[in-house]
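Okay, thanks for squeezing me in. I'd like to walk through some strand pairing and one helix contact, so let's put the structure up.

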Amino acid sequence: MTPIDMIIEQVDVKGQYIQLAAPIHLSGQLNVSELLTQYAINKREDLAQSSLQIGVDEAGRGPLLGSVNVAAAILPVAWSGLIENQPLKDTPLSLLTDSKQLSEKKRDVLYPQVLQYAIGHVIADVPAAVIDQVNILQATMLGMRLCTEVLLAAIAKHLVNDVIEASHAASQMRAYQQVQILFDGNRCPDLDYAMLDEIGITRSLIDCQAWVKGDARHTSIAAASILAKVSRDKTMYALDAKHPEYGIAKHKGYPTRAHMEAIETYGVLAAHRRSFAPVRRALEN
């Protein structure tokens, strides 16, 4: 396993670097041996499904508190596909579906299994300060973009396999007809295609798709949804330990009555999203 651990403090948006209000932490890993095994299979065999598929999803757009977490996940080719076709039947991930349809207990069971069996994954923690800086939609899109780009860069690095010129990654990647990036929702983020082209992943190799309710439709997106949801819950439990009077472990930052009463009684925390109307009103009052 090759670990992925990055801190992003500024981002390139259409040729201009923007300093982020707070760092975005990305973490994950890539199973290089399994990636190369899948690459060899695709190169050798004419598979009906020969695209490398990356599922991407988020958790935490609605809460008033804390980060929005985004995850990207790659499952083995044989396990990737429409949930209704049961590609996960008789696998350790047979329970996998939209994380919102699963109990917290089942999500906690699936989380380490997704980590174990995914070929690769990246999780981004986009803090409240960045959400306030660019708004929740753009913060989510940024997290999706960064997860995708970091995972693609790691894949390209290892498919080059010590070839000196990174441009050779493109020919290696063509063992897969395309890299399909499946985003949960109704839009895809704007990837940095210039950067990807520099590492050998040309635009023609990338097929970005937006899947409405994709976490309940495709196994790769469902895997990402588990990683995003459970990782965000972990940050909420950590905040609850620091501020037990807010009851964060119960409401996870959502605007419940108990949460609003805690804000009124104890004030606004640094982790609250100040651009969200209920928090903004509390600050004004």
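Quick bit of vocabulary before we start: I'm calling two strands paired if DSSP finds at least two bridges between them. And keep in mind that this is a predicted model.

So, strands. β1 covers residues 2-13 and β2 covers residues 16-30; they run antiparallel, and 11 bridges join them. Go to the end of β1 and you'll see Val13 standing opposite Gln16 in β2. The hairpin there has two residues between the strands, and one to click on is Lys14, with a positive phi near 55°.

Now, what else does β2 pair with? That's β5, residues 120-126, again antiparallel, with six bridges joining β2 and β5. If you want a landmark on that side, Ser27 is opposite Ile123 in β5.

Okay, helices. Have a look at α2, residues 104-117, and α7, residues 219-242: their axes come within 9 Å and cross at roughly 115°. We count 65 to 115 degrees as roughly perpendicular, so that's what we call α2 and α7. And the handedness? The crossing of α2 and α7 is left-handed.

Who's touching whom? On the α2 side you've got Glu104, Arg107, Asp108, Leu110, Tyr111, Val114 and Leu115, and they meet a set in α7 that includes Ala223, Ile226, Leu227, Lys229, Asp233, Lys234 and Tyr237. Sort the residues of that contact by type and you get nine nonpolar, six charged and one polar.

That's my bit, happy to rotate things if anyone wants another look.

Technical notes: Residues numbered from 1 in each chain as written. Predicted model: local features only at pLDDT ≥ 70, side-chain atom pairs only at ≥ 80, totals over all residues. Heavy atoms only, no water. Axes fitted to C-alpha atoms, helices over the stretch in contact; angles between N-to-C directions. Helix = DSSP H or I, 4+ residues; strand = E, 2+ residues; numbered from the N terminus. Parallel < 35°, antiparallel > 145°, perpendicular 65-115°, else oblique. Left-handed = near helix turned anticlockwise from the far one by under 90°. Contact = heavy atoms within 4.5 Å. Nonpolar A, V, L, I, M, F, W, Y, C, P; charged D, E, K, R; others polar.
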